[in-house]
Amino acid sequence: MSRTDAQLVLQVLEGDKVAFGELYDKYARLIRVICRDNTTDLASAQDLAQEVFLRAYAKLDKLKEPERFAAWLVTIARNVCREHRRSKGRDRHVLVGSEMLEQEPSPENEQDPRLAQLNDAMAQLDEKERLALHVYYLQGQDIDAALEILGVSRSAFYRLMGKGKKKIEQYINRRERG
């Protein structure tokens, strides 16, 4: 029987580290996607995702509503990514993408062009639209869980999904024509 987020949070607070592992397994993919949306390389996205879970674990006792763990975790992820973007803007010594320029293209590094096009289209969406699509399709959450994670009403969620899908369709159609 699957334990709820609230049950898992309470068990973690009682010292059950395995319970936090279950929370990690449940939300790691979503958090990595959120972090990947906010950085230019996979290694940084993975580092940011780890930072999100470290902060969540360290501050779990501050969570007032354990049943809202997912929404709280997404907020932490957004804050960590915002801090990362700010710090990158201040660091004048960062070599932008130099490791990517040195990398030779190879068949194992090549991405399916349709997936690359979808990633490009997703990058054009605003953060809430992207997050709605990620939560529902990638994370596979049901509508009620998605509403909880995003903190929006049912009608606002459907608007976000509709706008996001329409923008992706328009982007892909423009690319195919032009």
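## Largest pocket

In this predicted model, the lining of the largest pocket includes 12 nonpolar residues. Seven charged and five polar residues complete the lining. That makes a lining of 24 residues. Nearest the pocket centre are Val33, Arg36, Asp37, Asn119 and His134. The pocket holds about 860 Å³ of space.

Five helices each give two or more residues to this lining: α2 (17-37), α3 (42-58), α6 (113-123), α7 (127-138) and α9 (154-177). Helix α6 has the largest share, with seven residues.

## Nonpolar core

The largest nonpolar core has 48 residues. Ile31, Phe69 and Phe157 have the most contacts inside this core. Elements that supply two or more residues to the core are α1 (5-13), α2, α3, α4, α6, α7, α8 (143-150) and α9.

Ile31 shows how one of these hubs is packed. Leaving out residues up to four places away in sequence, Ile31 touches Ala49, Val52 and Phe53. Ile31 also touches Leu73, Val74 and Ala77.

## Ala71

Ala71 sits in helix α4 (residues 69-90). Its relative accessible area is 5%. Buried means under 20%, so Ala71 counts as buried.

Which residues does Ala71 contact, leaving aside neighbours within four places in sequence? They are Glu148 and Ile149. Ala71 and Ile149 are 78 residues apart along the chain, yet their C-alpha atoms are separated by 4.0 Å.

Key: Residues are numbered from 1 along each chain as its sequence is written. This is a predicted model: local features need pLDDT of at least 70, side-chain atom pairs count only at pLDDT 80 or more; totals for chains, interfaces and linings use all residues. Side-chain values use heavy atoms; hydrogens and water are left out. On a 1 Å grid over the protein atoms alone, a cavity is a set of points where a 1.4 Å probe fits but cannot get out, and a pocket is an open set with protein on both sides within 12 Å along at least five of seven lines; lining residues have an atom within 4 Å of a point. Grid points are joined across faces, edges and corners, and a volume is the space filled by probe spheres set on the points. Helices (H or I, at least four residues) and strands (E, at least two) are DSSP runs, numbered from the N terminus. Ala, Val, Leu, Ile, Met, Phe, Trp, Tyr, Cys and Pro count as nonpolar, Asp, Glu, Lys and Arg as charged, and the others, Gly among them, as polar. Buried means under 20% relative accessible area, exposed over 50%, partly exposed in between (1.4 Å probe, protein chains only). Contact means heavy atoms within 4.5 Å. A nonpolar core is a set of buried Ala, Val, Leu, Ile, Met, Phe, Trp, Tyr and Cys residues joined through side-chain atoms within 4.5 Å.
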